[in-house]
Amino acid sequence: MKIKVIINNQNMELDVAYDEFLADTLRRYGFLSVKKGCDTGSCGLCTVWVDDKPVLSCATLSVRINGKKITTIEGVQKEAKEFAEYLVNEGAEQCGFCSPGFIMTVLAMKRELQNPTVEEITHYLTGNLCRCTGYMGQLRAVKKYLGVV
Amino acid sequence: MYRVYGAAKGCQKILGGSVKMRVINKAIPKIDGIDIATGKAVYTDDLSSNNALVIKILRSPHAFARIKSINTERAQEVPGVECILTYKDVPGVRFTLAGQSYPEPSPYDRLILDEYVRYVGDEVAIIAAVDEKTALKALKLVEVEYEVFEPVLDFEEAEGHPSIVHTEDDIHLNMDIGMNREKNIASSYKLEIGDVDSELAESDIIVEKTYYTQAQAHAMMETYRAFSYLDHNGRLTIVSSTQIPFHVRGIVARALQIPQSKVRVIKPRIGGGFGGKQTASVEIFPALVTLKTGKPAKIIYDRKETFSSTTSRHAMRITVKLGADKEGNIKAIDMQALSDTGAYGEHAPTVFSVAGHKTLPLYNKAQAVRYMGNVVYTNKMPAGALRGYGVTQGTFALESAINELAAELNMDPVVIREKNIIKEGETNPILEGSKDGNPAALESCALESCIKKGKELIRWHEKYPRKVISDTKVRGVGMAITMQGSGIGGIDTASAVIKLNNDGFYTLLLGSTDMGTGSDTILAQIAAEVLDTTMDRIIIHAADTDISPYDTGSYASSTAYVTGNAVIKAAEDMRKKIVGSGAKLLGLSEKEVEFDGEFIKNINGKQKLSLNELAQRLISGEGKNQLIGMGTFGGETSPPPFVAGFAEVEVDKETGKIDLINYVAVVDCGTVINPNLARIQAEGGLVQGIGLAMYEDVQYSERGKMNSNTFMQYKIPCRKDIGKITVSFESSYEPTGPFGAKSIGEVVINTPAPAIANAVYNAVGVNVRKLPITPEKVLKGIMELISE
């Protein structure tokens with residue numbers, strides 16, 4: 001079936017199957033930053049924004065986003081790069097497979113939380129798994145990026 | 001002036017003195033960092049063709065069975081199905097999926113598809129269709145009739161079990177690995193130095209305990225995947241997320257019975273490996289489909305397949321018997337081990353032997369040591385390589401036993417280590433590179449200072465053994481030490497090639513595989529240091545078996561050390577050639593010129609030639625001599641890195657709940673080539689070790705089905721599970737290492753399990769000897785103590 005959406009500020013008409021998940025649709029239409037890691041909504045790799053809120057695109061049926069606005073990391077490259085530099089400067093960018101989803105969550109957190117504490121940051125990001133870094137370097141990068149002492 | 005690089009003794013003094021490193025030991029940002037962080041399409045599936053056939057695998061629902069009949073007719077009729085392959089369609093030559101140098105010690109005990117299925121999830125049929133839905137639809141229509149056998153599920157009952165996992169008589173062994181197939185023994189091994197029994201008999205104190213480590217999952221974020229196609233010359237090209245492109249070429253060629261010259265393997269960016277991608281779990285399937293159909297094909301394992309149809313860490317049982325005198329001097333160590341390799345023997349003999357080889361040298365004061373036992377086949381998912389590769393298992397057992405010996409002697413666990421550990425310059429006959437009667441020497445070791453520093457950082461003197469926080473909560477500290485290796489001595493090799501391009505920049509061609517570690521970056525740093533240039537002038541290419549120089553691959557903690565040394569040799573070769581060609585163009589002798597990275601010039605600097613100009617003139621009709629530097633390295637030894645790990649836990653005495661409060665690890669990886677990347681390697685390895693210690697539990701049903709096959713059931717640590725982690729470096733200088741470096745990738749995973757177990761003991765007096773250390777086990781232990 002056809003759905004109308006805005007992806008990264010572009011109006012698009014997508015042809016989707018009734019049982020297709022957004023992560024698969026987005027990859028099929030060339031938004032290859034979107035990664036899948038688990039099939040159970042556990043890892044956070046597939047995080048994109050729907051109407052500016054982070055959602056798990058692997059657990060969102062594509063038909064449900066009809067009429068909505070979707071943002072992938074391709075649509076926020078400048079901001080993503082700004083944070084990625086903090087990440088890379090900590091050495092905390094390892095295999096990179098979890099990064100697009102992680103960064104989309106960090107950028108959403110920046111919009112949502114005012115002067116967060118370390119506990120609030122950890123809580124907000126806890127659904128984004130990473131097997132490489134051990135999280136500490138990511139936290140150092142986020143703290144520097146947000147100016148949290 | 002000629003500088004001394006890397007593998008020359010005496011470098012330490014030069015490093016500490018006049019020669020200042022420009023690029024080495026600097027926190028250079030990872031060269032691919034920004035691109036992979038911001039979602040550029042660089043991984044296997046990002047590059048695959050939209051027209052590729054999609055492959056799905058029909059898997060065995062039984063732990064052990066024979067396929068009596070298999071009917072694919074109805075499935076074949078589904079529109080869009082391209083081919084369905086069963087055991088009748090594959091070559092009958094056995095092979096191993098283990099990525100090891102030929103001749104592999106792993107037994108050749110599997111076929112692509114076999115009449116017998118040996119675990120729940122074993123492959124029964126390969127289905128290739130135009131899309132995933134069609135493939136899945138066809139998969140459900142394949143009719144299989146099985147003759148079901150009693151499976152071997154408990155590895156402690158495998159030896160001599162009435163069921164024999166491998167009844168076939170065509171298993172091929174490249175060497176004697178002590179296989180006794182009829183008894184389900186894949187491999188057996190014995191190492192003994194001195195007379196263990198008589199040393200034990202003469203010891204004042206004996207501690208004997210049995211420890212169990214579980215079949216940890218790698219849980220890399222990018223699941224297993226590969227795609228394949230025929231190129232314009234009809235050659236099979238495989239693009240795979242692999243740590244071992246050259247081994248994949250060999251494995252695929254053997255499995256499909258085609259020459260290696262007909263196979264090309266390309267590795268794009270890898271979304272994590274941890275040893276899992278040192279086994280060629282998926283590449284053969286698309287390769288076979290492409291050969292049969294002539295069409296591109298791809299396979300992507302979902303998370304369930306990744307958990308339950310690939311490989312895991314070998315689960316092990318290790319009984320440690322320690323003999324010591326009353327002062328805590330260790331006289332004898334006896335380790336009796338049993339390892340579960342599951343249905344197939346990938347990495348079975350080597351993981352087993354390494355568990356002793358890379359633990360026992362830590363305590364070289366012991367007069368006699370022994371490590372022996374069997375690796376058994378069971379009807380469970382095969383085990384394979386996983387970061388730590390047996391050392392993790394051996395370290396949990398030996399370090400826990402040492403801690404229990406310290407408790408028995410009423411001695412601080414730090415003190416017993418100080419009395420017994422190996423020190424720099426000492427020898428040990430088990431260290432790699434030892435010859436009969438000529439034990440290898442430990443050329444670099446800062447373990448003592450690692451322990452000292454760790455003690456300070458965790459504030460051991462204030463916290464040991466415990467602090468009562470409230471009526472119900474108590475905190476304890478514990479510690480453990482470990483070593484690993486740096487590549488496999490006498491076996492691992494790497495070559496590196498450097499081209500000087502016409503604009504004065506270099507291309508560094510490598511066969512190693514940066515799976516996120518940052519190895520491409522540190523290898524570029526090494527090249528830049530030797531060539532006196534900047535990082536932006538070194539382009540890295542890795543890996544493509546048609547183009548890259550040979551490298552065994554990134555495993556066994558080899559890349560910084562083995563490939564790093566090859567890069568030094570290649571870069572030195574390039575320097576020599578630059579000086580030679582430059583001198584010639586300047587009309588001077590080689591002795592009269594020097595190269596500063598930008599210019600080739602004579603001593604007073606009056607006659608000079610820029611590198612750009614040199615490169616330009618060399619590729620032109622005038623020079624006719626593009627410069628290519630080349631180096632191959634293989635280590636005779638495997639210099640061990642060391643870690644001292646310290647844990648602080650808080651235990652709730654009413655519930656057994658354990659919170660990890662602090663973890664301190666002090667690492668000796670020799671010279672730290674890139675402090676930021678090394679720190680993240682350490683932090684990541686520690687958290688994976690914390691997962692092994694506290695959370696990651698593999699559960700099978702009574703009939704042998706793995707239940708823990710998603711992240712819902714198999715818990716890897718999240719941000720809230722790990723407390724505060726502190727990493728510090730105490731660098732020794734390894735004379736055979738590139739700029740003094742040793743490895744770091746694996747050693748960092750080993751200490752959390754024994755150190756956390758020790759901290760729990762020091763908090764509440766409970767020794768958990770079976771991983772993971774869960775609240776249930778701790779509470780059970782507390783209740784037993786109360787009832788005593």
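**Exercise 1. In which sense do strand β20 and β26 of chain B pair, and over how many bridges?**

Solution. Strand β20 of chain B covers residues 494–500. In this predicted model, β20(B) and β26(B) run antiparallel to each other, and six bridges join the pair. One position on β26(B) can be named: B:T632 faces B:S495.

**Exercise 2. Place this pair in its sheet and find which strands stand at the edges.**

Solution. Step 1: write down the strand order. The sheet is open, has four strands and reads β22-β21-β20-β26 in chain B, with mixed pairing.

Step 2: look at the ends of that order. β22 (538–541) and β26 (628–633) of chain B each have a single partner strand, so one side of each lacks a neighbour in the sheet.

Step 3: add the twist. On average, neighbouring strands of the sheet are turned by 20° against each other, direction ignored.

Step 4: add the helix. α15 of chain B, residues 519–530, lies across β20, β21 (506–510) and β22 of chain B. Relative to β22(B), helix α15 of chain B runs at about 140°.

**Exercise 3. Describe the domains of chain B and the contact of domain 1 with domain 2.**

Solution. Step 1: list the bounds. Domain 1 of chain B consists of 11–30 + 493–633, domain 2 of 44–149 + 224–300, and domain 3 of 315–485 + 638–787.

Step 2: take the distance. The C-alpha centres of domain 1 and domain 2 of chain B are 39 Å apart.

Step 3: count the contact residues. Domain 1 of chain B supplies 14 and domain 2 of chain B supplies 19. On the domain 1 side, four are nonpolar, seven polar and three charged.

**Exercise 4. Do the same for the two domains of chain A.**

Solution. Step 1: chain A is assigned domain 1 (2–72) and domain 2 (75–146). Their C-alpha centres are separated by 21 Å.

Step 2: the contact involves 17 residues of domain 1 of chain A and 13 residues of domain 2 of chain A. On the domain 1 side, β3 (47–50) and β4 (53–56) of chain A each give two or more residues; β3(A) gives the most, with three. This side has seven nonpolar, eight polar and two charged residues.

**Exercise 5. Which element of chain A gives the most to the side that touches chain B?**

Solution. Step 1: 42 residues of chain A and 43 residues of chain B make the contact.

Step 2: the elements of chain A that give two or more residues are α2 (77–89), α3 (99–112), α4 (118–125) and α5 (136–146). α2(A) gives the most, with eight residues.

Step 3: by class, the chain A side has 20 nonpolar, 15 polar and seven charged residues.

Notes
Residues numbered from 1 in each chain as written. Chains lettered and ligands numbered in written order. Predicted model: local features only at pLDDT ≥ 70, side-chain atom pairs only at ≥ 80, totals over all residues. Domains from an automatic or database assignment. Contact = placed C-beta atoms within 7 Å. Nonpolar A, V, L, I, M, F, W, Y, C, P; charged D, E, K, R; others polar. Pairing = 2+ DSSP bridges. Axes fitted to C-alpha atoms, helices over the stretch in contact; angles between N-to-C directions.
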